[in-house]
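Work through the following exercises with the sequence and the 3D model open beside you. Each task is followed by a solution that goes step by step.

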Amino acid sequence: MAKALIIVDVQNDFCPGGALGTERGHEVARGINELINGEHDYDVIVATQDWHIDPGAHFSNEPDFVDTWPVHCAADSEGARMHPEVDVSKIREFFRKGEYTAAYSGFEGHAVADESTLMADWLRQNGVAEVEVVGIATDHCVLATAQDALREGFEVSVIEMLCSPVDKTRGENALTQLEEAGAKIIR
Ligand code: VGL
């Protein structure tokens, strides 16, 4: 069975200087780039992208940074593009999510090449049984993506150093929660 790397939302808006920049976003982008350009054992590498058109109350002028957020990752904007330090030629498929609603999990995403294919179906079609999850934000989209991966029956690992949280404590709690749910946390 195949192993996939899932790169979650390593987009400009989630990196320093972006609309919703997380502190370690750029380090994570650089680290992921080293990972995918070095020796690795992934059969496929995929990426998710927050891709908002009108996600309703997900956007707020007075965001609480837990459930509501400043405008970010507008579809086709510079902020929605992958961080420039990630070599996108290594990524086999992109899964976009959140056009008209909040969508934290990459498993809500549909393939860019074929909008009717959801990420879980695509992974199964490619023989994937095991996934490693990295990206942004540890306490939101990484958490939701890894939780869904477990629910979908994949074997799941998360590489802590290649994830960046919005909030440090919430990020640590997210990893503990994932570990308790059956994910392996690579610290
Ligand atoms: C995310 C906050 C709002 C994420 C997305 O990618 O973790 N966080 N939207």
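Two strands pair if DSSP finds at least two bridges between them, and the elements themselves are DSSP runs numbered from the N terminus, with helices (H or I) needing at least four residues and strands (E) at least two. The model is predicted, so local features need pLDDT of at least 70 and side-chain atom pairs count only at pLDDT 80 or more, while totals for chains, interfaces and linings use all residues. Residues are numbered from 1 along each chain as its sequence is written, and side-chain values use heavy atoms, with hydrogens and water left out.

**Exercise 1. The sheet**

Task: Find the order of the strands in the open sheet, and state which are the edge strands.

Solution: Begin with the whole chain, which has 4 helices and 7 strands and follows the pattern β-α-β-β-β-α-β-α-β-α-β along the sequence. The open sheet of 7 strands has the order 4-3-2-1-5-6-7, with mixed pairing. Its edge strands, each pairing on one side only, are strand 4 (110–111) and strand 7 (184–186). At one end, strand 7 pairs with strand 6 (residues 155–164) in the parallel sense over 3 bridges, and S157 has K184 in strand 7 as its bridge partner. Towards the other end, strand 2 and strand 3 pair in the parallel sense over 5 bridges, with R96 in strand 3 as the bridge partner of Q49. The pairing of strand 3 with strand 4 is antiparallel, over 2 bridges, and here R96 stands opposite H110.

**Exercise 2. Helix 1**

Task: Determine which strands helix 1 touches, and which of the helix residues are buried.

Solution: Contact means heavy atoms within 4.5 Å, and buried means under 20% relative accessible area, as against exposed at over 50% and partly exposed in between (1.4 Å probe, protein chains only). Helix 1 has 13 residues and reaches 18 Å from its first C-alpha to its last, close to the 18 Å expected at 1.5 Å a residue, where the expected span is 1.5 Å times one less than the number of residues. In this helix G25, V28, A29, G31, I32, N33 and I36 are buried, and what covers them includes strand 1, strand 2, strand 5 and strand 6.

**Exercise 3. Two buried residues**

Task: Describe the surroundings of I136 and of T48.

Solution: I136 lies in strand 5 (residues 128–136) and is buried, with a relative accessible area of 1%. Leaving aside residues up to four places away in sequence, I136 touches several residues, among them V8, D9, F14, G25, V28 and S164. F14 is 122 residues from I136 in sequence, yet their C-alpha atoms are 6.9 Å apart in space. T48, in strand 2, is buried with a relative accessible area of 0%. The side chains of T48 and D9 are joined by a polar contact of 2.7 Å, that is, a pair of N or O atoms within 3.5 Å in which, within protein, one must be able to donate a hydrogen and the other to accept it, and residues adjacent in sequence count only if both atoms are side-chain atoms. With the same sequence neighbours set aside, T48 also touches residues including I6, V8, F95 and M119.

**Exercise 4. The chain as a whole**

Task: What share of the residues counts as buried, and what share of contacts joins residues at least 24 apart?

Solution: Of the 187 residues, 53% count as buried. Among contacts between residues at least 6 apart in sequence, 71% join residues at least 24 apart.

How values were computed:
Axes are lines fitted to C-alpha atoms, for helices over the stretch in contact, and angles run from 0 to 180 degrees between N-to-C directions.
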